[in-house]
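Colleague: Before I trust any labels, I would like to go through them one at a time. Show me the model, and I will ask how each label was reached.

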Amino acid sequence: MTPVDQSARNRIRTDLTHSLLVEAAPGTGKTHELVQRVVALVQSGVPIESVVAITFTRKAAGELKLRLRQA
């Protein structure tokens, strides 16, 4: 099933020229999309040390860190 907001998700990954704020309900794929964006930024030549991703819980931060390492 394709998410209703698929076009917005595609823009998140392809338009790397702007900062981004992602706000959505639990279980909607925020972490997945953030990981994909960070990977795209690094692949485009942005040093990982200059990428900032902020979450609101330690659990979410741990999940983001784990998925980034796996990617």
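Colleague: In which helix is the place of L41?

Modeller: L41 sits in helix α2. Bear in mind that this is a predicted model.

Colleague: Why is L41 called buried?

Modeller: The cut-off for buried is under 20% relative accessible area. L41 has 12% relative accessibility, so L41 counts as buried.

Colleague: Which residues is L41 in contact with, leaving aside its neighbours within four places in sequence?

Modeller: L41 is in contact with L16, V46 and V51. Contact here means heavy atoms within 4.5 Å. As for H18, its C-alpha atom is separated from that of L41 by 11 Å, and the two residues are 23 apart along the chain.

Colleague: Which other residues of α2 are buried?

Modeller: Besides L41, the buried residues of α2 are E33, V35, R37, V38 and A40.

Colleague: How do you know that the reach of α2 is close to what is expected?

Modeller: Helix α2 covers residues 30-43, which is 14 residues. From its first C-alpha to its last, α2 reaches 20 Å, and the expected value at 1.5 Å a residue is also given as 20 Å. The two values agree, so the reach of α2 is close to the expected one.

Colleague: What comes just after α2?

Modeller: G45 does, with a positive phi of about 110°. P47 is in the loop between α2 and α3.

Colleague: What makes P47 partly exposed?

Modeller: Partly exposed lies between the limits of 20% and 50%. P47 has 46% relative accessibility, so P47 counts as partly exposed. Its C-alpha atom is separated by 13 Å from that of L16, and the two residues are 31 apart along the chain.

Colleague: Where is A60, and why is A60 called partly exposed?

Modeller: A60 is found in helix α3, residues 58-70. Its relative accessibility is 24%, and that is why A60 counts as partly exposed. A60 and T31 are 29 residues apart in sequence, and 8.0 Å apart in space from C-alpha to C-alpha.

Colleague: Is L21 buried or exposed, and how do you know?

Modeller: Exposed requires over 50%. L21 has 71% relative accessibility, so L21 counts as exposed. L21 lies in the loop between α1, residues 6-14, and α2. L21 and I54 are 33 residues apart in sequence, with 9.6 Å between their C-alpha atoms.

Colleague: Now the whole chain. How many helices and strands are there?

Modeller: The chain has three helices and zero strands. From the N terminus on, the order is α-α-α.

Colleague: Why is the chain called as compact as a globular protein of that length?

Modeller: The radius of gyration is 12 Å, and the globule rule gives 11 Å for 71 residues. Those values are close, so the chain is as compact as a globular protein of that length. The C-alpha trace spans about 35 × 30 × 20 Å along its principal axes.

Colleague: What percentage of the residues count as buried?

Modeller: Of the 71 residues, 13% do. The accessible surface of the chain comes to about 5,700 Å², and 57% of that belongs to carbon and sulfur atoms.

Colleague: How many positive and negative side chains are there?

Modeller: There are 10 positive and 6 negative side chains, and the centres of the two sets lie 6 Å apart.

Methods: Residues are numbered from 1 along each chain as its sequence is written. This is a predicted model: local features need pLDDT of at least 70, side-chain atom pairs count only at pLDDT 80 or more; totals for chains, interfaces and linings use all residues. Side-chain values use heavy atoms; hydrogens and water are left out. Helices (H or I, at least four residues) and strands (E, at least two) are DSSP runs, numbered from the N terminus. The radius of gyration is taken over C-alpha atoms; the globule rule is 2.2 Å times the number of residues to the power 0.38. Buried means under 20% relative accessible area, exposed over 50%, partly exposed in between (1.4 Å probe, protein chains only). Accessible areas come from the Shrake-Rupley method with a 1.4 Å probe; for residues, only the protein chains shown count as cover. Lys and Arg count as positive and Asp and Glu as negative; His and the chain ends are not counted. The place of a charge is taken as NZ of Lys, CZ of Arg, CG of Asp or CD of Glu.
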